[in-house]
Every structure is written in C-alpha cells, then in structure tokens.
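Grab a coffee and work through these short exercises with the model open in your viewer. Each one has a task, then a solution in steps.

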There are 2 protein chains.
Amino acid sequence: MTRKHNFSAGPAALPEAVLARAAEEMLDWHGKGLSIMEMSHRSPEFVSVAEAAEQDLRDLMDIPANYKVLFLQGGATSQFGMVPMNLLRGAGTADYIDTGIWSAKAMQEASRYTRVGLVASTQGENYTRVPAQAELTLNPEAAYVHYTSNETIGGLEFDYVPETGEVPLVVDMSSDILARPIDVSRYGLIYAGAQKNIGPAGLTVVIVREELLGNTLPGTPTMFDYKVHADADSMNNTPPTFAWYMTGLVFKWLKEQGGVEGIARLNERKASSLYAAIDASDFYANPIAPANRSIMNVPFTLADSALDKLFLERAEQAGLLNLKGHRSVGGMRASIYNAVSQDSVDALIAFMQEFERTAG
Amino acid sequence: MTRKHNFSAGPAALPEAVLARAAEEMLDWHGKGLSIMEMSHRSPEFVSVAEAAEQDLRDLMDIPANYKVLFLQGGATSQFGMVPMNLLRGAGTADYIDTGIWSAKAMQEASRYTRVGLVASTQGENYTRVPAQAELTLNPEAAYVHYTSNETIGGLEFDYVPETGEVPLVVDMSSDILARPIDVSRYGLIYAGAQKNIGPAGLTVVIVREELLGNTLPGTPTMFDYKVHADADSMNNTPPTFAWYMTGLVFKWLKEQGGVEGIARLNERKASSLYAAIDASDFYANPIAPANRSIMNVPFTLADSALDKLFLERAEQAGLLNLKGHRSVGGMRASIYNAVSQDSVDALIAFMQEFERTAG
C-alpha cells in the first residue's frame with residue numbers, strides 16, 4: 001500500500017491516522033463485538049461518541065454556551081435553503097455578499113424565499129478579491145448578512161470578518177472551518193459541509209446562536225427546522241452515525257496537532273510555500289489579490305494551457321492526485337486542507353519546478 | 001476480535017464480509033493510493049462505484065427502466081415531507097394507511113401540506129394486524145396512497161400490496177426493502193432509509209416512476225425536489241460517498257446470497273424458526289396476527305416483565321446484543337435483517353430456551 005498525495009477539493013484527504021483507526025475498529029469497536037456503524041444511534045456507546053465529538057468541536061473552536069452545535073445531513077446546499085427558512089423571522093429581505101460560485105448558489109436559493117439584497121459583489125473583477133468592509137452597503141432591516149468565507153472554486157478567502165452591527169452574520173465556512181482560529185461570537189450561524197476539513201461527505205455541521213431558533217417560515221419541512229434538531233441533540237431521526245464517528249476522530253487528531261492554533265501555523269506555512277513557488281515563476285500564475293488568497297484552495301494556471309494535460313499526467317505518475325481545476329475555471333487547483341501535509345505540498349512544489357524545467 | 005450476535009433495529013448489523021472489505025480498502029482503494037472517502041464524487045473511480053451500486057440494485061429488484069433510482073440524504077423522515085411536496089401535483093388530498101408509529105409520523109408531516117385521508121387504521125386493535133384490502137376506503141381523487149410495508153417498532157408487515165387503481169402507491173419500505181421479491185411496477189414511489197437492509201445510516205434510497213416528477217409545491221427547497229436529484233444522477237451536490245460505496249458492497253454481497261430470492265428463503269427460515277420458538281412457549285409471546293408478523297422485526301414479551309432486565313443482562317453475557325424492545329412498547333425485539341444469520345437466530349433461540357428453563 002502506498003498512500004499518494006491527495007489534493008482533492010472535496011471529498012478530500014483525511015488524516016491517515018484517522019483512516020487507520022477506522023479500519024482497525026471497523027469490525028469490532030472497542031471490543032464490543034460490532035462496528036460503530038452497526039449500533040443504534042441511541043445506544044450508550046454511540047451517544048458517547050457523538051457527545052465527545054461535539055465537546056471536542058466546542059473545545060477546538062471555543063464555542064460559547066449559548067450556541068447549539070448540530071450534526072445534520074444534506075450538505076451546504078441544504079443550508080442554502082435552511083438558512084432563509086429559519087432565519088428570516090418575518091423580515092422581508094436578507095443581505096448577501098457575492099464572491100463567487102458558492103455565494104451565488106446560496107443567494108439563488110434564498111431568492112426563492114425572500115428579497116435578496118446584494119451587499120457587494122466582485123464579479124466585475126472576476127472574483128479576484130473580496131469586497132472590503134467599506135464597500136458593503138448593508139441594510140439594517142435585513143434578517144441576516146450571508147457570506148462565504150472561502151470560495152473553494154475561486155480560491156478566494158475573506159481576510160476579515162464583516163462587521164454587521166445588530167444584524168446576525170451567517171457564514172458558509174465549508175472549506176475553511178477549523179483552518180484557523182475564529183471568534184464564534186461574531187456569528188449568528190456558521191455552517192459547513194464536512195467533506196473538506198471535518199470528515200466524510202454526508203455530514204453538515206451547524207453552529208447557531210440559540211436565540212435565532214424557533215421561527216421558521218410556514219411550510220418549512222420538519223427536517224429543515226434547526227430547532228427540531230437542536231431540541232433532539234441532532235437525533236430527531238437517525239443521524240449519519242459513521243460520518244459523525246469519523247468526524248470525532250478527526251477532532252481528536254486535530255487536538256493532537258495543537259488544536260486550531262497548531263494547524264493554522266501548519267496551514268499558513270503550506271500555503272505560503274506554495275504561493276511563493278507560484279509567484280517565483282513566470283510559468284505558473286494565481287490571479288487572486290494576495291491578501292485574499294485562500295490558504296485551503298490554491299488555483300493556478302500554466303503559462304501555456306496546452307501543457308495542462310501533460311502536467312496532470314506527469315503529476316499523477318509522480319503520485320500527485322486531483323490537481324485538475326474546477327471545470328468552470330480550468331487550469332489547476334491544489335486543495336491543501338488540514339489533512340494535507342507539508343510533505344505533500346513540498347512534493348507538489350518540487351514537481352512543479354521539475355515540470356517547468358523539463359516541459360516549460 | 002469476536003463478532004457478537006447483533007439484533008439492533010437500526011442502524012443494524014452489516015454483513016461481516018462487507019465490513020472486512022471496507023476495512024481492507026480504507027486507506028487504499030483498489031491501489032489508487034487513497035480512500036474511497038477521499039475521492040471527489042465526480043472522479044471516474046467514484047462514479048464507477050456509484051453506477052455499479054445503482055445497476056446492482058436495479059438487477060436485484062428488477063426495477064423497470066421508467067423508474068429513477070435516487071441516492072439521497074435525510075432518512076425516511078425527510079421523505080415524510082418530500083413525498084407530499086413532490087407528489088401532490090395539485091391534488092387537495094392524499095390517502096394514508098395507519099399501521100403504527102412510522103405510518104403515523106408520515107401522516108403527521110403530510111398533514112402540514114395537504115388534507116390527509118385516513119384510509120384505514122388498526123390502532124383500535126393496538127396495531128396487531130394490518131387492514132385488509134376490503135377495509136381500505138380509498139379516495140380516487142387522492143394524489144397518492146401511502147403505507148408502511150413493515151412497522152419496525154410494532155413488528156407488523158403487510159402480507160399483500162394494496163390495490164389502488166389509478167392512484168399511485170407510495171411505500172415506506174425502510175425496514176423490509178430487499179427482504180423478499182416485490183413487483184416495483186406496482187408502486188409509484190418506494191423509499192427506504194439505508195440503515196436496516198441497505199447499508200450505513202445517512203443514505204436514503206428512492207425508487208420513483210419518472211412521470212411523477214417535476215411538479216413540486218411552491219416553496220419546496222431545491223434539495224427536496226426529486227427531479228433535481230434525478231436530473232443530476234443524485235449528484236446535485238456532494239452525496240454521502242462512503243455510505244453509497246458501502247451500499248454497493250452490500251448489493252454485491254446480496255447477489256452472492258442468491259439475490260433477493262435467495263435471501264428471502266433465508267429470511268423466511270430465520271423468522272419462522274424464531275416465531276415457532278416463541279409460540280412453542282408459554283413464557284414468550286408475540287401479539288401480532290400470524291399473517292402479518294414481520295420477517296424482519298420480531299418483538300416478544302416475557303410472561304413476567306420483572307425478568308426483562310435479567311434477560312437482557314444474560315443475553316448480553318451470551319453475546320446476544322440489542323434485544324431491548326423499543327421504549328414505546330417495552331419487552332424485547334429481535335431485528336433479523338438480511339445481514340443477521342441463521343446462526344445468530346439459532347443462538348438466540350437456544351438462549352431463550354435456556355433462560356426459560358433457568359429463570360422462568
């Protein structure tokens with residue numbers, strides 16, 4: 001068995017130690033004679049796993065006590081609908097910041113339920129930067145302000161937390177949650193699909209200030225009501241138990257890496273070494289304003305796109321997988337989430353330099 | 001490692017061979033150098049896994065070509081809302097057959113969207129039998145007729161498929177899908193949470209006649225629209241890839257057992273041996289009308305409920321797990337899904353006889 005360097009944008013690389021532990025426990029969890037996957041979600045064994053995962057996430061993110069942590073299904077795409085259905089609370093409009101494909105998708109779904117206020121957009125600049133605080137034309141009557149802290153496809157990340165006064169701030173943090181410390185109390189609601197920095201696909205984490213719950217739009221499906229899940233400790237119905245368990249293992253692993261502070265140092269180093277390699281070359285380029293470059297998703301182009309195919313072929317031969325850019329933007333993209341090591345990034349940089357030398 | 005006898009009602013026992021295969025492939029799927037869990041859902045590797053799972057299910061259930069097979073999230077509980085939101089198609093009422101806790105939950109959610117016609121109920125008889133065809137007061141104007149083919153908690157199963165004329169028949173088959181052959185063409189829509197007979201929790205299979213799609217209620221979340229998922233081959237957003245993969249392994253295992261016909265013979269034998277042991281004793285009892293006894297979930301009571309605790313303690317010592325009945329009915333329940341072997345059932349019967357002899 002040889003593990004390769006995996007730069008997938010999501011579902012993405014998981015810590016090898018977590019996968020090894022899951023494999024080891026697959027047929028017999030802690031000597032109980034069955035898999036964690038084969039246990040009732042209401043068994044004391046699984047409940048202990050579930051509670052530990054929540055507590056570890058609370059520790060890692062320093063989540064205040066007046067926030068609920070939910071383990072849901074349906075991905076961020078379900079959140080695009082759940083957010084307006086739960087948080088409009090009688091208001092006639094919600095504010096959205098447009099920074100690329102994912103924020104646009106969130107807006108589109110919200111516009112089915114309310115008037116969407118476009119607070120700011122950098123579409124005219126091809127999404128090469130995020131709008132500055134001074135550019136946000138916020139509406140104090142808005143039910144909430146929504147933004148996407150990291151655009152997975154564009155490789156664009158907010159370098160600040162928007163200040164929205166009394167209006168709750170909602171963030172799609174799918175691709176940079178747990179990448180570095182944040183102040184949860186600045187947010188009304190944080191959501192994240194698990195399949196980038198948290199665990200396997202099929203789980204969505206929602207962190208929400210309790211006072212925002214309990215006021216859904218008429219016709220909201222019960223399963224789309226945050227309060228139903230909050231009141232049932234995310235066990236209103238059978239949760240995705242294995243994904244939840246894996247997530248718990250990832251949280252433990254993250255604590256071993258020094259928590260979010262520790263992983264942030266590694267992430268900054270990975271990202272800065274890769275951007276430095278791109279910037280040092282005329283052969284590779286990244287279009288994003290340096291202050292807004294994502295530390296998780298690094299898109300880059302080759303000076304001659306006719307070489308893209310060869311680059312990907314040789315990369316794969318060199319054990320560097322899933323570097324193809326999203327179909328909507330082309331070029332390359334290296335996703336370097338928490339579980340991607342500096343070794344993998346170093347191997348990529350060495351390969352890029354070798355490729356430029358021999359094929360460029 | 002000792003694998004125990006697992007009678008969990010769900011999440012439930014999985015075939016040991018499937019778990020062993022998943023453990024083996026966990027760090028390195030088919031020599032690719034990464035886990036199936038770490039791959040993009042749009043990678044050729046995962047798409048091949050996804051397509052094979054669908055084809056194997058089509059083979060196993062002989063699903064006609066005009067039916068779509070969807071791999072969704074959210075469990076049967078989400079289906080309780082999705083069914084009316086998608087299938088009302090302008091009608092003012094939908095018919096429901098009430099046979100216990102799960103059908104009642106489906107009705108309750110539907111009643112938020114439409115008038116619910118109660119076609120028949122055996123609540124007055126404590127749900128000890130299902131209503132006969134002649135008892136169904138069907139409304140030809142109903143958008144559909146919904147029933148629960150197997151009540152997991154009550155241990156009650158339909159021994160016939162309701163005849164509903166031109167009105168589409170919708171079934172919650174969560175706990176007896178793939179337990180024996182059915183004629184899919186009799187149904188407009190079949191749904192099933194995976195965590196009993198299909199795979200890990202977090203995946204829901206929906207089999208739906210294509211002509212019923214594309215006519216959702218206003219305000220239906222995009223993620224609740226079957227047609228969105230059908231048009232995207234269940235990849236409108238990131239699906240629960242690991243659960244889908246496991247499901248595919250279960251389907252391959254099922255084919256090795258002789259398909260649904262083969263497993264049905266084993267299931268009938270398991271169930272009849274266990275019911276025979278219950279009926280042969282005055283110490284154990286099952287209240288369900290013999291024709292409607294579930295072949296998947298076998299609830300039983302002890303003549304003296306003061307012995308329940310001791311029964312469960314000794315059972316656990318004997319390696320027989322998860323026999324406690326649902327909190328709403330008490331007593332015991334042995335769930336004997338496809339992955340539970342005759343050996344496990346034989347061990348349970350032997351234990352029950354020994355317990356009756358020594359403690360009864």
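**Exercise 1. How many salt bridges are there between domain 1 of chain A and domain 2 of chain A, and which side chains meet in a salt bridge with A:Arg180?**

Solution. Keep in mind that this is a predicted model.
- Step 1: the count between domain 1 and domain 2 of chain A is 1 salt bridge.
- Step 2: check the bounds, which run 16-256 for domain 1 and 258-359 for domain 2.
- Step 3: look at A:Arg180, whose side chain meets that of A:Glu268 in a salt bridge at 2.9 Å, N to O.
- Step 4: add the polar contacts, where the count between the two domains is 18 residue pairs.
- Step 5: see which elements of chain A give two or more residues to the side of domain 1 that touches domain 2: strand S6 (150-151), strand S7 (156-157) and H6. H6(A) has the largest share, 4 residues.

**Exercise 2. What area is buried between domain 1 of chain A and domain 2 of chain A?**

Solution.
- Step 1: pick the yardstick; the size of an interface is often given as the accessible area lost when the parts come together.
- Step 2: here that area is about 2,100 Å², with carbon and sulfur atoms giving 55%.
- Step 3: count residues, and you get 27 of domain 1 of chain A in contact with 27 of domain 2 of chain A.
- Step 4: for the spacing, the C-alpha centres of these two domains of chain A lie 27 Å apart.

**Exercise 3. Is H6(A) largely enclosed by the rest of the structure, or largely open? Explain why.**

Solution.
- Step 1: find the helix at residues 241-256 of chain A; H6 has 16 residues and spans 23 Å from first C-alpha to last, close to the 22 Å expected.
- Step 2: 13 of the 16 residues of H6(A) are buried, so the helix is largely enclosed by the rest of the structure.
- Step 3: look past the end of H6(A), where A:Gly258 follows with a positive phi near 90°.

**Exercise 4. Which residue forms a salt bridge with A:Arg21, and is A:Glu25 buried or exposed?**

Solution.
- Step 1: A:Arg21 pairs with A:Glu25, the closest N and O atoms being 2.5 Å apart.
- Step 2: both residues lie in helix H1 (residues 16-25) of chain A, 4 residues apart, about one turn of the helix.
- Step 3: A:Glu25 has 8% relative accessibility, so this residue counts as buried. A:Arg21, at 35%, is partly exposed.

Methods: Residues are numbered from 1 along each chain as its sequence is written. Chains are lettered from A and ligands numbered from 1 in the order in which they are written. This is a predicted model: local features need pLDDT of at least 70, side-chain atom pairs count only at pLDDT 80 or more; totals for chains, interfaces and linings use all residues. Side-chain values use heavy atoms; hydrogens and water are left out. A salt bridge is a side-chain nitrogen of Lys or Arg within 4 Å of a carboxyl oxygen of Asp or Glu. Buried means under 20% relative accessible area, exposed over 50%, partly exposed in between (1.4 Å probe, protein chains only). The expected span of a helix is 1.5 Å times one less than its number of residues. Domain bounds come from an automatic or database domain assignment. Contact means heavy atoms within 4.5 Å. Buried area is the accessible area (1.4 Å probe) that two parts lose on being put together, summed over both. A polar contact is a pair of N or O atoms within 3.5 Å; within protein, one must be able to donate a hydrogen and the other to accept it, and residues adjacent in sequence count only if both atoms are side-chain atoms.
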